[in-house]
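Me: Got a minute to go through this model with me? I'd like to start with the helices, then move on to charged pairs.

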Amino acid sequence: MRPLDQLQQTIAQRKAASVDASYTAKLLAGGVPKIGAKVIEEAAEVVEAAAEPGDAGRQHTIREAADVLYHLLVLLAARGVRLEEAESELARRFNM
């Protein structure tokens, strides 16, 4: 199983978790406004990290990109959108 597929599965499971026990459940309970704010925050951080020089900047970019992907998957889950649907849209756009 791909890491993003596994993460999507974990996020789906956390929908039923207590907000006290799960950061993901707390985000989901906050809805699109709370999750969206985190997506925006993390997107800004990945751009800042990408501007950092050298391997340290590269590694920081990787970590921040992972944060963006996580929060984006939480946002998709909140809207009932599966990663496969976004992948299908990309395939449609590029005639794949």
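**Helix α2 and the salt bridges**

Me: Where does α2 bend, and by how much?
Reply: At Gly31, by about 125 degrees. A proline, Pro33, follows within four residues. Keep in mind that this is a predicted model.

Me: What does α2 span end to end?
Reply: Only 26 Å between its end C-alpha atoms, for residues 23–50. A straight helix of 28 residues would span 40 Å.

Me: Is Gly31 buried or exposed?
Reply: Gly31 is buried. Other buried residues of α2 include Leu27, Leu28, Ile35 and Val39.

Me: What covers them?
Reply: The cover for the buried residues of α2 includes α1 (3–14) and α3 (54–78).

Me: And what caps the N-terminal end of α2?
Reply: Ser22 does. One of its side-chain oxygens is 3.3 Å from the backbone nitrogen of Thr24.

Me: Switching to charges. How many salt bridges?
Reply: Seven in the structure.

Me: Which partners does Arg2 have?
Reply: Asp5 is one, with the closest N and O atoms 2.8 Å apart. Glu87 is another, at 3.0 Å from N to O. The Arg2–Glu87 pair links distant parts of the chain, 85 residues apart: Arg2 sits in the segment before α1, Glu87 in helix α4 (residues 83–93).

Me: Why does Arg2 count as partly exposed?
Reply: Because its relative accessibility is 41%, and the class runs from 20% to 50%. Glu87 counts as partly exposed too, at 31%.

Me: Any pair around Arg82?
Reply: Arg82 forms a salt bridge with Glu84, the closest N and O atoms being 3.3 Å apart. Arg82 is partly exposed at 44% relative accessible area, and Glu84 is partly exposed at 31%.

Me: Which residues do shared partners join into one network?
Reply: Arg2, Asp5 and Glu87.

Key: Residues are numbered from 1 along each chain as its sequence is written. This is a predicted model: local features need pLDDT of at least 70, side-chain atom pairs count only at pLDDT 80 or more; totals for chains, interfaces and linings use all residues. Side-chain values use heavy atoms; hydrogens and water are left out. Helices (H or I, at least four residues) and strands (E, at least two) are DSSP runs, numbered from the N terminus. The expected span of a helix is 1.5 Å times one less than its number of residues. The bend at a residue is the angle between axes fitted to the seven residues ending there and the seven starting there. Buried means under 20% relative accessible area, exposed over 50%, partly exposed in between (1.4 Å probe, protein chains only). Contact means heavy atoms within 4.5 Å. A polar contact is a pair of N or O atoms within 3.5 Å; within protein, one must be able to donate a hydrogen and the other to accept it, and residues adjacent in sequence count only if both atoms are side-chain atoms. A salt bridge is a side-chain nitrogen of Lys or Arg within 4 Å of a carboxyl oxygen of Asp or Glu.
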